[in-house]
Amino acid sequence: MLYALFSIAALALLGLDQWVKHYVTVNIPLGDTQAFWPGVVELCTVHNYGAAWSSFSGMRWLLVAVTSVIVLAVAALLIRRVVRHPLGLAACFLVLAGGLGNIIKINYSLKRSGIITFNGQ
């Protein structure tokens with residue numbers, strides 16, 4: 001039962017992540033900001049050419065490979081039911097959602113000039 005609930009939640013988060021990236025790409029020009037929660041959070045469109053703070057710049061396929069290995073390892077843990085605690089299951093499904101979101105983001109970005117990333121300010 002927990003697997004089904006966490007799977008649905010992970011898919012919902014993955015969908016929300018992709019929708020927000022699309023919304024920002026279409027509606028906020030590069031370098032501009034838009035208030036998401038005025039006074040608390042702003043969305044700013046920035047092109048990143050690697051991982052965090054442009055580390056591994058120009059090594060997109062390495063990022064995809066490393067992320068894929070992590071996603072597959074976590075999926076194997078879930079399939080073999082190694083992780084049983086509800087918080088551990090939640091963490092694994094969040095890692096899967098985030099990893100898949102990053103793989104989609106990196107592959108989509110290969111067609112563009114940089115990786116779509118968000119900065120909360």
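These are my notebook entries on a predicted model, taken in the order in which I looked things up.

**Entry 1. Overall layout**

I began with the secondary structure and found three helices and three strands in the chain. Read from the N terminus, the elements follow the order α-β-β-α-α-β. I then looked up burial: 30% of the 121 residues count as buried. For contacts, I took residues at least 6 apart in sequence; 59% of these contacts join residues at least 24 apart.

**Entry 2. The nonpolar core**

I next looked at the largest nonpolar core, which has 14 residues. Which of its members touch the most other members? They are Leu78, Leu89, Phe93 and Leu96. Helices α1, α2 and α3 each supply at least two residues of this core. The greatest contribution comes from α3, which gives seven residues. I note as background that nonpolar side chains tend to be buried together in soluble globular proteins.

I followed one of these residues further. Leaving out residues up to four places away in sequence, leucine 96 touches Val71, Val74, Ala75 and Leu78.

**Entry 3. Tyrosine 3**

I turned to tyrosine 3, which is placed in helix α1. Is this residue buried or exposed? Tyrosine 3 has a relative accessibility of 18%, and it counts as buried because the limit for that class is under 20%.

Beyond its neighbours within four places in sequence, tyrosine 3 is in contact with Leu78, Arg81, Val83, Leu89 and Phe93. Three of these partners, Leu78, Leu89 and Phe93, I had already listed among the core residues that touch the most other members. I also recorded a polar approach to leucine 78: its backbone oxygen lies 3.0 Å from a polar atom of the tyrosine 3 side chain. On the aromatic side, Tyr3 forms one cluster with Phe6 and Phe93.

**Entry 4. Arginine 81 over the ring**

What sits over the ring of tyrosine 3? I found the charged end of arginine 81 there, 4.2 Å from the ring centre. The two residues are 78 apart in sequence, and their C-alpha atoms are 10.0 Å apart in space.

Arginine 81 is placed in the loop between α2 and α3, the latter spanning 86–109. With a relative accessible area of 47%, arginine 81 is partly exposed, whereas tyrosine 3 beneath its charged end counts as buried. I checked the backbone of arginine 81 as well: phi is near 55°, a positive value in a residue other than glycine.

**Entry 5. Aromatic pairs**

I counted the aromatic pairs and obtained three. The pair of tryptophan 19 and tyrosine 23 has ring centres 5.5 Å apart and planes at 25°, so it is stacked. The step rests on the cut-off for stacking, which is under 30 degrees between planes.

How far apart are these two residues along helix α1? They are four residues apart in this helix, which covers residues 2–27, and therefore about one helical turn separates them. I compared their accessibility: tryptophan 19 counts as exposed at 52%, and tyrosine 23 as partly exposed at 29%.

**Entry 6. Phenylalanine 36 and threonine 67**

I looked up phenylalanine 36 and found it in strand β1, residues 33–37. Phenylalanine 36 counts as exposed because its relative accessibility is 60% and the class begins over 50%. With neighbours within four places in sequence left aside, its contacts are Val41, Glu42 and Leu43.

Threonine 67 lies in helix α2, residues 60–79. Threonine 67 counts as buried at 17% relative accessibility. Apart from residues up to four places away in sequence, threonine 67 touches Gly99 and Ile103.

**Entry 7. Cysteines**

How many disulfides does the model hold? I counted zero. For reference, a disulfide is a covalent bond between the sulfur atoms of two cysteines. I looked up the burial of two cysteines: cysteine 44 is buried, with a relative accessible area of 8%, and cysteine 92 is buried too, at 11%.

Notes:
Residues are numbered from 1 along each chain as its sequence is written. This is a predicted model: local features need pLDDT of at least 70, side-chain atom pairs count only at pLDDT 80 or more; totals for chains, interfaces and linings use all residues. Side-chain values use heavy atoms; hydrogens and water are left out. Rings of Phe, Tyr and Trp (its six-membered ring) pair if their centres lie within 6.5 Å; planes under 30 degrees apart count as stacked, over 60 as edge-to-face and the rest as tilted. Buried means under 20% relative accessible area, exposed over 50%, partly exposed in between (1.4 Å probe, protein chains only). A charge sits over a ring if NZ of Lys or CZ of Arg is within 6 Å of the ring centre and within 35 degrees of the ring normal. Contact means heavy atoms within 4.5 Å. A disulfide is a pair of cysteine sulfur atoms within 2.5 Å. A polar contact is a pair of N or O atoms within 3.5 Å; within protein, one must be able to donate a hydrogen and the other to accept it, and residues adjacent in sequence count only if both atoms are side-chain atoms. A nonpolar core is a set of buried Ala, Val, Leu, Ile, Met, Phe, Trp, Tyr and Cys residues joined through side-chain atoms within 4.5 Å.
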